[in-house]
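Me: I'm new to this structure and would like a close look at one part of it. Could you take me through the main nonpolar core and the places that connect to it?

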Amino acid sequence: MKAISYEEYGGPEVLRLAEVTEPHAGPGQVRLRIVAAAVNPIDFKIRRGWVQEMMGPVSFPAVPGMEAAGIVDELGEGVTGVSLGDEVMAWTETGAYAEYALASDFAPKPAGLDWETAAALPVAVETSDRALGELAVGPGETLLLHGAASVVGSVGVQLAVARGATVIGTASESNHDYLRSLGAIPVAYGDGLADRVRAAAPQGIDAVYDVAGIDALDVSVELRGGTDRIVTISDPRAFELGITFSGDSRRFGPELTEYARLAAEGRLRVRVDRSFPLADAAQAHELSETGRARGKVLLRP
């Protein structure tokens with residue numbers, strides 16, 4: 001099958017379209033014929049070798065990618081509740097940038113949900129659902145969310161608002177109208193952030209969720225008066241500062257089913273920026289690495 005593969009750490013140029021051996025479903029797994037695969041910031045961080053301490057070294061040659069949506073075309077031993085030909089969203093175990101991938105954690109794609117949104121959902125909803133749970137964000141509380149206009153951040157905004165929280169979201173000014181449409185109070189990045197947050201939330205900040213991972217932790221500690229109820233998914237400085245780093249994803253299929261239903265009904269929004277052919281994975285990574293993508297970047301085999 002065709003897949004994107006790389007054999008050394010480096011920039012986007014190390015990504016190559018290659019012929020690799022097709023995977024086949026083992027016990028508890030399904031095989032997907034992939035229709036859309038998502039590009040996440042963690043993909044280029046792994047490719048550059050920046051997260052080896054947290055995630056371990058890559059075994060080369062490697063096929064990148066975590067999440068995808070596709071059609072089940074093989075069932076492994078012991079798999080129940082899904083049939084050949086079913087449309088699903090999944091966390092892949094063999095790399096999503098490919099024509100086929102294996103998964104054991106998946107959920108049905110609603111008929112009314114487009115393929116690109118389906119591929120963009122798993123990581124964003126699992127990450128923000130997990131982080132907000134760790135923070136125990138509840139009704140009447142105020143959450144500061146750094147990187148609120150990103151895909152993961154914007155999903156976090158919507159989930160926190162649904163929990164009854166007030167959300168103060170940091171983002172560039174070009175994204176402020178978007179955040180308002182999701183129910184957040186936007187504030188701009190940069191010098192004076194703490195003062196702007198205090199002006200937007202004179203009642204104080206009850207919890208902080210950092211998606212951005214860029215110089216957000218110090219101001220978060222200042223606003224919270226300590227490290228309690230601060231979670232980051234992006235900044236490894238958390239380990240030095242005694243802040244919770246949330247990085248251990250969990251099986252999420254049942255919850256993903258419910259979030260996918262909300263997305264199909266238009267009650268959970270996920271922005272998509274661009275969809276690239278599989279062969280243009282390097283260009284997709286270049287866009288992702290700029291940090292300027294206004295939504296999810298996707299690949300279509």
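What follows is one walk through that core, its helices and some spots further along the chain.

Reply: Happy to. Keep in mind that this is a predicted model.

Let's start in the middle. The largest nonpolar core has 51 residues, and the ones touching the most other members are Leu 121, Leu 143 and Tyr 209. Helix H3, which covers residues 115–135, gives the most to this core, with 11 residues. There is another core apart from it, made of 29 residues, including Val 39, Val 88, Tyr 97 and Ala 103. As a general point, nonpolar side chains tend to be buried together in soluble globular proteins.

Now zoom in on Leu 143. Leaving out residues up to four places away in sequence, Leu 143 touches Leu 132, Leu 135 and Val 137, then Ala 160, then Thr 166, Val 167 and Ile 168, and finally Ala 207, Val 208 and Tyr 209. Tyr 209 is itself one of the residues with the most contacts to other core members.

Leu 121 takes us to a helix pair. Which residues of H3 meet H9? They are Leu 121, Pro 122, Val 125 and Asp 129, and across from them in H9 are Leu 256, Tyr 259, Ala 260 and Ala 263. Sorted by type, the residues of this contact are seven nonpolar, no polar and one charged. H9 spans residues 253–264, and its axis is 10 Å from that of H3, at an angle of about 115 degrees. That angle is why H3 and H9 count as roughly perpendicular to each other. Their crossing is right-handed.

Back to the Leu 143 neighbourhood for a moment. Ala 160, which Leu 143 touches, is also in contact with Ala 165. Ala 165 sits in the loop between helix H4 (151–162) and strand E9. Is Ala 165 buried or exposed? It is buried, with a relative accessible area of 9%, because anything under 20% counts as buried. Besides Ala 160, and not counting residues up to four places away in sequence, Ala 165 touches Val 137, Gly 138 and Glu 141. For a sense of scale, the C-alpha atoms of Ala 165 and Thr 21 are 48 Å apart, with their positions 144 residues apart along the chain.

Follow the chain from that loop into strand E9, residues 166–171, and you come to Thr 170. Thr 170 is buried too, at a relative accessible area of 0%. Setting aside residues up to four places away in sequence, its contacts include the run Leu 144, Leu 145, His 146, Gly 147, Ala 148 and Ala 149. Thr 170 also touches Val 187, Tyr 189 and Leu 193.

Leu 193 is a handy bridge to a second helix pair. In H6, Leu 193, Ala 194, Val 197 and Arg 198 meet Val 219, Glu 222 and Leu 223 of H7. The residues of that contact are five nonpolar, no polar and two charged. H6 (193–200) and H7 (217–224) pack at about 40 degrees, with 10 Å between their axes. H6 and H7 are therefore oblique to each other, and they cross in a right-handed way.

Either side of H7 there's a backbone detail worth a look. In general, most residues other than glycine have a negative phi, and most peptide bonds are trans. Asp 215 is not a glycine, yet its phi is positive, about 55 degrees. Asp 215 lies in the loop between strand E11 (207–210) and H7, and counts as exposed at 68% relative accessibility. Arg 229 likewise has a positive phi of about 55 degrees without being a glycine. Arg 229 is in the loop between H7 and strand E12 (230–232), and is partly exposed, with a relative accessible area of 23%.

One last stop, towards the start of the chain. A cis peptide bond joins Phe 60 and Pro 61, with omega at about -5 degrees. Pro 61 is in the loop between helix H2 (52–55) and strand E4 (67–75). Pro 61 is also one of the contacts of Ser 5, which lies in strand E1 (residues 2–5). Ser 5 is buried, at 9% relative accessibility. Leaving aside neighbours within four places in sequence, Ser 5 also contacts Ala 62, along with Val 14, Leu 15, Arg 16 and Ala 18.

Technical notes: Residues numbered from 1 in each chain as written. Predicted model: local features only at pLDDT ≥ 70, side-chain atom pairs only at ≥ 80, totals over all residues. Heavy atoms only, no water. Axes fitted to C-alpha atoms, helices over the stretch in contact; angles between N-to-C directions. Helix = DSSP H or I, 4+ residues; strand = E, 2+ residues; numbered from the N terminus. Parallel < 35°, antiparallel > 145°, perpendicular 65-115°, else oblique. Left-handed = near helix turned anticlockwise from the far one by under 90°. Contact = heavy atoms within 4.5 Å. Nonpolar A, V, L, I, M, F, W, Y, C, P; charged D, E, K, R; others polar. Buried < 20%, exposed > 50% of the residue type's maximum accessible area, 1.4 Å probe, protein only. Core = buried A, V, L, I, M, F, W, Y, C linked by side-chain atoms within 4.5 Å.
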